[in-house]
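I am opening a fresh notebook page for a structure that is new to me. My plan is to begin with the surface and the overall fold, and then to go inward.

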Amino acid sequence: MKKGIIIQGSSRSDGDTNLVVSYLKNITGFDVVDLNQREINYFDYEFKNEDDFEIIFKNMVQHYHKIVFATPVYWYTMSGIMKVFLDRFSDYLYKEKNFGRMLRGKEMAMISCSNDGDRVEEFHLPFLRSAEYLGMDYLGDIHSKVTNQKLSMETKEKINAFALRIIN
């Protein structure tokens, strides 16, 4: 099994997305980075950011082959913190390109969550297209429903099947 990491991008570290991430982590053994516990600034064309992005990104590309993005659905799209994190990949497409190139051949997947069993059909496109652009293999995505801070048996089965797909 290739080593994996889950990047959790929610405004609540202990919210519904974390419930899903914790369940997925228990199945896969993947490490977790909670972006809400880190300082990630917006992309800066002058590359003057002094935050946690560099250390997270370099660790991710140097030590992990599988990257799973976990985000709640906020206003029909990924969370703001997840969008900012993905925007910052541009840092390594413009400077220190050797780190950006390390994404090539890695595997990406995405899991979303909400209190609704559905999400807009196009939700996955920023992840899929980013994977394609970066030369990564997109392993797919699922949406998980959390109700009253609990995962239903149906949701657990869905996550179990997703986990098997991404660890093999």
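**Entry 1: surface and overall form.** I began with the outside of this predicted model, where the protein exposes about 8,900 Å², of which carbon and sulfur atoms supply 47%. I then looked up burial and noted that buried residues make up 46% of the 168 residues. Along its principal axes the C-alpha trace spans about 45 × 30 × 25 Å.

I counted the secondary structure next, and it comes to seven helices and six strands, which follow the pattern β-α-β-α-β-α-α-α-β-α-β-β-α when read along the sequence. The radius of gyration is 15 Å, close to the 15 Å that the globule rule gives for 168 residues, so I wrote down that the protein is as compact as a globular protein of that length. For the contacts with a separation of 6 or more, I noted that residues 24 or more positions apart account for 77%.

**Entry 2: strand β4.** How many of the residues of β4 are buried? I went through residues 107-114 and found that eight of the eight are buried, which leaves the strand mostly covered. In a regular strand the side chains alternate between the two faces of the sheet. I checked the directions here, and E107, A109, I111 and C113 point one way from β4, while M108, M110, S112 and S114 point the other way, with all of them buried.

I then looked for the strands that pair with β4. Strand β3, residues 66-72, runs parallel to β4 and is joined to it by seven bridges, and within this pairing F69 has M110 as its bridge partner in β4. Strand β5, residues 137-147, also pairs with β4 in the parallel sense, over eight bridges, and there the bridge partner of A109 is G140. To get from β4 to β5 the chain crosses through helix α6, residues 125-134, and I recorded this β-α-β crossover as right-handed.

**Entry 3: the nonpolar cores.** Which residues touch the most other members of the largest nonpolar core? Among its 29 residues, I listed I7, M60, F69, F85 and F89. The elements that give two or more residues to this core are β1 (4-8), α2 (53-63), β3, α3 (80-87), β4 and α6, and the largest share, five residues, comes from α2.

I followed F85 further and, leaving out residues up to four places away in sequence, found that it touches I7, L35, I40, F53, I56, M60 and F69. There is also a second, separate core of 18 residues, and I noted I6, I111, V146 and I166 as included in it.

**Entry 4: two charged residues.** Is D91 buried or exposed? I found D91 in helix α4, residues 91-94, and since its relative accessibility is 4%, under the 20% limit, it counts as buried. Again leaving out residues up to four places away in sequence, D91 touches F43, F47 and F53.

I turned last to K83, which is found in helix α3 and is partly exposed, with a relative accessible area of 41%. How far apart are K83 and G9 in sequence and in space? I noted a separation of 74 residues in sequence, against 8.6 Å in space from C-alpha to C-alpha.

Key: Residues numbered from 1 in each chain as written. Predicted model: local features only at pLDDT ≥ 70, side-chain atom pairs only at ≥ 80, totals over all residues. Heavy atoms only, no water. Buried < 20%, exposed > 50% of the residue type's maximum accessible area, 1.4 Å probe, protein only. Helix = DSSP H or I, 4+ residues; strand = E, 2+ residues; numbered from the N terminus. Pairing = 2+ DSSP bridges. Right-handed = clockwise from strand over helix to strand, strands pointing away. Core = buried A, V, L, I, M, F, W, Y, C linked by side-chain atoms within 4.5 Å. Contact = heavy atoms within 4.5 Å. Rg over C-alpha atoms; globule rule 2.2 N^0.38 Å. Areas by Shrake-Rupley, 256 points an atom, 1.4 Å probe, with all protein chains shown as cover.
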